[in-house]
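Student: Could you take me through a single part of this model in detail, namely the nonpolar patch on its surface, and then set that part against the rest of the chain?

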Amino acid sequence: MELELAGAELKSVLNRLRRAQGQISGVIRMIEEGRDCEDVITQLAAASRALDRAGFALIATGLQQCMTDMESARADGENPEQLRARLERLFLSLA
């Protein structure tokens, strides 16, 4: 299953990933500077949430595409259950 992102979906995911990238850079800098543990953990939690949101946005797009792929798989005689299982594994990897 190939994931295709268009326009607003792509921009949203990329913005979230860039935000997480900036936050992770900030965490690294904070650790190197010996900043307060609470501040570092707060920033790390924000980066984690940004990554989670990007992942969930990708999964949501994948779910939409999966429905189409499952219909195509049935039409082509492929096993749609394998496609569903792959998507389930992806979803659970973010849990």
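Tutor: In this predicted model, helix α1, which spans residues 7-32, supplies the largest share of the nonpolar patch, namely five residues. The patch as a whole is made by Leu10, Leu14, Leu17, Ile24, Ile28 and Leu51, and its area comes to about 440 Å². One of these residues, Ile24, lies in helix α1, and because its relative accessibility is 35%, Ile24 counts as partly exposed; that value also satisfies the requirement for patch members, which is a relative accessible area of over 30%.

As for the setting of the patch, the secondary structure of the chain consists of three helices and zero strands, so that the pattern read along the sequence is α-α-α. The accessible surface of the chain is about 6800 Å², and carbon and sulfur atoms account for 55% of that surface, while 24% of the 95 residues count as buried. If one considers the contacts between residues at least 6 apart in sequence, 68% of them join residues at least 24 apart.

Turning from nonpolar to charged side chains, a search of the whole structure finds one salt bridge, in which the side chains of Arg35 and Glu33 meet at 3.9 Å, taken from N to O. The two partners fall into separate accessibility classes: Arg35 is partly exposed, with a relative accessible area of 42%, whereas Glu33, at 51%, counts as exposed, given that the exposed class begins over 50%.

Technical notes: Residues numbered from 1 in each chain as written. Predicted model: local features only at pLDDT ≥ 70, side-chain atom pairs only at ≥ 80, totals over all residues. Heavy atoms only, no water. Helix = DSSP H or I, 4+ residues; strand = E, 2+ residues; numbered from the N terminus. Buried < 20%, exposed > 50% of the residue type's maximum accessible area, 1.4 Å probe, protein only. Contact = heavy atoms within 4.5 Å. Areas by Shrake-Rupley, 256 points an atom, 1.4 Å probe, with all protein chains shown as cover. Patch = residues over 30% accessible without salt bridge, like charges linked within 9 Å, V, L, I, M, F, W, Y side chains within 5 Å. Salt bridge = Lys/Arg side-chain N within 4 Å of Asp/Glu carboxyl O.
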